[in-house]
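I opened a fresh page for this one and went through the model element by element. My notes are below, in the order I looked things up.

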Amino acid sequence: MIYIIAVVIILLILVIRNIKIVSQSNAYVLERLGAYKTTWGVGIHFKVPFIEKVAKVVTLKEQVVDFPPQPVITKDNVTMQIDTVVYFQITDPKLYTYGVELPMSAIENLTATTLRNIIGDMELDESLTSRDIINTKMRSILDEATDPWGIKVNRVELKNIIPPAGIREAMEKQMKAERERREAILRAEGEKKSAVLVAEGEKESTILRAEAEKASAILKAEAEKEAAIRIAEGEAEAIRKVQEATADGIKMLNAAAPGEEVLKIKSLEAFEKAADGKATKIIIPSEIQGIAGLAAGLKEVITEK
């Protein structure tokens, strides 16, 4: 009885140990008596004890491998150190298991030789500025070469490109000189723009000043013109008033019907005003002379009285 129980327990242990649960993104390569039998996907599986075995557990996730720097020589005989990063994914577990021995080592060596071939056709400056081209070429070549191994290369990136120390110093000097040249150009352009702006400002100021002086002269001329017009109008008005007063006086004199003596006296007054004490020689009409004698006689009579 004890033996039966022991056998049952051993059988149960064997059954449990040969039940395999394949998780997501994994694949099991199963062999029967040393030959490939099948590939298990996600789910629960059972293998026959002592006859079947899991040869390899393969992950189907995208993997990243960072390879150490590799020495490469450019077309112009410059030795550089370049390290690469390869992103790949296993698409066929069977080919990956039986296609090549040590797949990672094979990919590393293939990456190094491919990189040397590509860089060998480029000069230093071209290799430093053509990363995208190098990445695309390497991805295409590696993907085609690893396809029989059940591997798909999704992307290849050049992580670092390390030229020799002397080349790096020369490049740094060149970059410094280029930056100084650009700085000088930018400074010259700034000074040029500043000078142009200053000149434009002075031009604008001169134009505004000239316009202001012109407007001031126009206003001054208009003011002088207005003043002259007002003075002329005032003089004309004064002359008109005098003429009106003279005309009114004549009208009143005519209305009073003055005698000949009054007219002669008025003539004498007018003659006195005409002389105004400034004339050196005055010709007195005979009529006025008679009036003047008459006036002198009257003055003497009044004095005697």
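Strands here are DSSP runs of E with at least two residues, and helices are runs of H or I with at least four, both numbered from the N terminus. I kept in mind throughout that this is a predicted model.

**Entry 1: Trp40**

I started with Trp40, which sits in strand S3, residues 35-40. Is Trp40 buried or exposed? I got a relative accessibility of 7%, and since buried means under 20%, Trp40 counts as buried. I also looked up its distance to Lys20: the two C-alpha atoms are 9.4 Å apart, with these positions 20 residues apart along the chain.

**Entry 2: the core**

Next I went for the largest nonpolar core and found 30 residues in it. Met80, Ile82, Leu115, Ile134 and Met138 have the most contacts inside this core. Which elements give two or more residues to it? My list reads strand S8 (79-90), helix H3 (103-120), helix H5 (131-146) and strand S9 (151-162). H3 supplies the largest share, six residues.

**Entry 3: salt bridges**

I reminded myself that side chains of opposite charge can pair when their charged atoms come close. How many salt bridges does a search of the whole structure find? The search gave me 11.

I pulled out Lys159 and Asp66 from the search, whose side chains meet at 2.8 Å, N to O. This pair ties distant parts of the chain together: Lys159 belongs to strand S9 and Asp66 to strand S6 (residues 63-66), 93 residues away. I checked exposure on both sides. Lys159 is partly exposed, with a relative accessible area of 42%, and Asp66 also comes out as partly exposed, at 42%.

Then I turned to Glu178, which has two partners to write down. With Arg181, the salt bridge is 2.5 Å from N to O. With Arg182, the closest N and O atoms are 3.2 Å apart. Where do Glu178 and Arg181 lie? Both are in helix H6, residues 165-256, spaced three residues apart, about one turn of the helix. Arg182 shares helix H6 with Glu178 too, four residues along, again about one turn. For exposure I noted 28% for Glu178, partly exposed, and 44% for Arg181, likewise partly exposed.

One more item under this heading: Arg139, Asp143 and Lys152 are linked in a network of salt bridges.

**Entry 4: surface patches**

Which residues gather in a patch of negative charge on the surface? I found Asp76, Glu123, Asp125 and Glu126. I followed up on Asp125, which is in helix H4, residues 124-128. Its relative accessible area is 60%, so Asp125 is exposed.

There is a nonpolar patch on the surface as well, made of Met1, Ile4, Ile5, Val8, Ile9, Leu12, Ile13 and Ile16. Together these residues have about 820 Å² of accessible area. I picked Ile16 for a closer look: it belongs to helix H1, residues 2-17, and at a relative accessible area of 59% it is exposed.

**Entry 5: positive phi**

I looked for positive phi outside glycine and wrote down two cases. Phe50 has a phi of about 65 degrees although it is not a glycine. Where is the place of Phe50? It is in the loop between strand S4 (43-46) and strand S5 (52-59). Phe50 is exposed, with a relative accessible area of 74%.

My other case is Leu102, not a glycine either, with a positive phi of about 55 degrees. I placed Leu102 in the loop between helix H2 (93-98) and H3. Its relative accessible area is 57%, which means that it counts as exposed.

**Entry 6: Thr74**

Last stop was Thr74, in the loop between strand S7 (70-73) and S8. Is this loop residue, Thr74, buried or exposed? My lookup gave 3% relative accessibility, so Thr74 counts as buried. I also paired Thr74 with Ser127: they are 53 residues apart along the chain, and their C-alpha atoms are separated by 7.8 Å.

Definitions and conventions
Residues numbered from 1 in each chain as written. Predicted model: local features only at pLDDT ≥ 70, side-chain atom pairs only at ≥ 80, totals over all residues. Heavy atoms only, no water. Patch = residues over 30% accessible without salt bridge, like charges linked within 9 Å, V, L, I, M, F, W, Y side chains within 5 Å. Areas by Shrake-Rupley, 256 points an atom, 1.4 Å probe, with all protein chains shown as cover. Salt bridge = Lys/Arg side-chain N within 4 Å of Asp/Glu carboxyl O. Lys, Arg positive; Asp, Glu negative; His and termini not counted. Charge placed at Lys NZ, Arg CZ, Asp CG, Glu CD. Buried < 20%, exposed > 50% of the residue type's maximum accessible area, 1.4 Å probe, protein only. Core = buried A, V, L, I, M, F, W, Y, C linked by side-chain atoms within 4.5 Å.
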